[in-house]
Amino acid sequence: MAGSAFRTGIRRGLDRTVYESWQASLKAAGLSAGSVLAWQLTEDRQHVIATIGLLSISTGDHERPSWRHIGWHRIEHGTFNGDTNTLQWTRYPDTATGDRPDPSATTTPDSVTLLEPGRLPEVFRDRVAASITIQQFIPLDDSQPVKGKQDRRPGVIISGRRDLSGATRPIEWRASLPRGTRWHDPGIEQLAATAVVRLRAEYDPDP
């Protein structure tokens, strides 16, 4: 029955009209989200839906919402502020992935403020982590790479990210920078290009 609420499971309380609008948006975009893991309302009464493969956020008219969908693998990193119930994240640049990064591309910050956090921050962290196949900090000098973390030396962070919306999706390789390092610093762009090629050959020999 249109407009009625789901009464059981993860979708309990999610209006059926909202759910059907979200499903239609996914279909129109050719996206496969998988099962709903958590959902919450924002302070301006928009909806945030976290699924196995995507983070979806409604915008605009509450009766006929528009949706934007973000693959977990496109989120570089994120944090949750429990004092303000604000979930913040940074997306990789909307550029094609490749062996050589584009120094002119910039990451995109985004955020939502939730009425109640519920399980959404936990699901957010888990899904972003699940999309990371490999992540290494590669220092500019010849020292040993550091898996899963970085230090204060200049270098690059190379991440192999898996699109969780499909089992056969190829790994996307991304280069990002630790705090204090810039793309125009000597040797950084070339280091990133070389490191992506090496890690791709090691972890994804048949892309």
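**Exercise 1. Aromatic pairs.** Work out how many aromatic pairs this predicted model holds, and classify the pair Tyr-19 and Trp-22 as stacked, edge-to-face or tilted.

*Solution.* Start with the count: rings pair if their centres lie within 6.5 Å, and by this rule the predicted model comes to 3 aromatic pairs. Next, take Tyr-19 and Trp-22: their ring centres are 5.6 Å apart and the planes sit at 50°. Planes under 30 degrees apart would be stacked and over 60 edge-to-face, so this pair is tilted.

**Exercise 2. Setting of the Tyr-19 and Trp-22 pair.** Find which element holds Tyr-19 and Trp-22, and decide whether each is buried or exposed.

*Solution.* Both residues belong to helix α1 (residues 16-29). They are 3 residues apart there, which is about one turn of the helix. Now for accessibility, where buried means under 20% relative accessible area. Tyr-19 has 16%, so Tyr-19 is buried. Trp-22 is at 1%, so Trp-22 counts as buried too.

**Exercise 3. A pair between two elements.** Describe the ring geometry of Trp-89 and Phe-124, then say which parts of the chain the pair ties together.

*Solution.* Geometry first: the centres of the two rings are 5.9 Å apart and the planes are at 40°, so this pair is tilted. Then place the residues: Trp-89 is in strand β6 (residues 86-91), while Phe-124 is in helix α2 (residues 120-130), so the pair ties together parts 35 residues apart in sequence. Trp-89 and Phe-124 are both buried. Finally, bring in Trp-72, which forms one aromatic cluster with Trp-89 and Phe-124.

**Exercise 4. The sheet.** Give the strand order of the 4-stranded open sheet and explain why β1 and β4 each have one side without a neighbour in the sheet.

*Solution.* Reading across, the order is β1-β2-β3-β4, with antiparallel pairing. Strands β1 (36-41) and β4 (66-71) stand at the edges with a single partner strand each, so one side of each has no neighbour in the sheet. From one strand to the next, the twist averages 15°. Zoom in on β2 (residues 47-51) and β3 (residues 54-59): these antiparallel strands are joined by 3 bridges. Val-48 has Ile-57 in β3 as its bridge partner.

**Exercise 5. Helices on the sheet.** Work out which strands α1 and α2 lie across.

*Solution.* Take α1 first: this helix lies across β1, β2, β3 and β4, and runs at about 60° to β4. Then α2: this helix lies across β1, β2 and β3, at about 135° to β1.

Notes
Residues are numbered from 1 along each chain as its sequence is written. This is a predicted model: local features need pLDDT of at least 70, side-chain atom pairs count only at pLDDT 80 or more; totals for chains, interfaces and linings use all residues. Side-chain values use heavy atoms; hydrogens and water are left out. Rings of Phe, Tyr and Trp (its six-membered ring) pair if their centres lie within 6.5 Å; planes under 30 degrees apart count as stacked, over 60 as edge-to-face and the rest as tilted. Helices (H or I, at least four residues) and strands (E, at least two) are DSSP runs, numbered from the N terminus. Buried means under 20% relative accessible area, exposed over 50%, partly exposed in between (1.4 Å probe, protein chains only). Two strands pair if DSSP finds at least two bridges between them. Axes are lines fitted to C-alpha atoms, for helices over the stretch in contact, and angles run from 0 to 180 degrees between N-to-C directions. Contact means heavy atoms within 4.5 Å.
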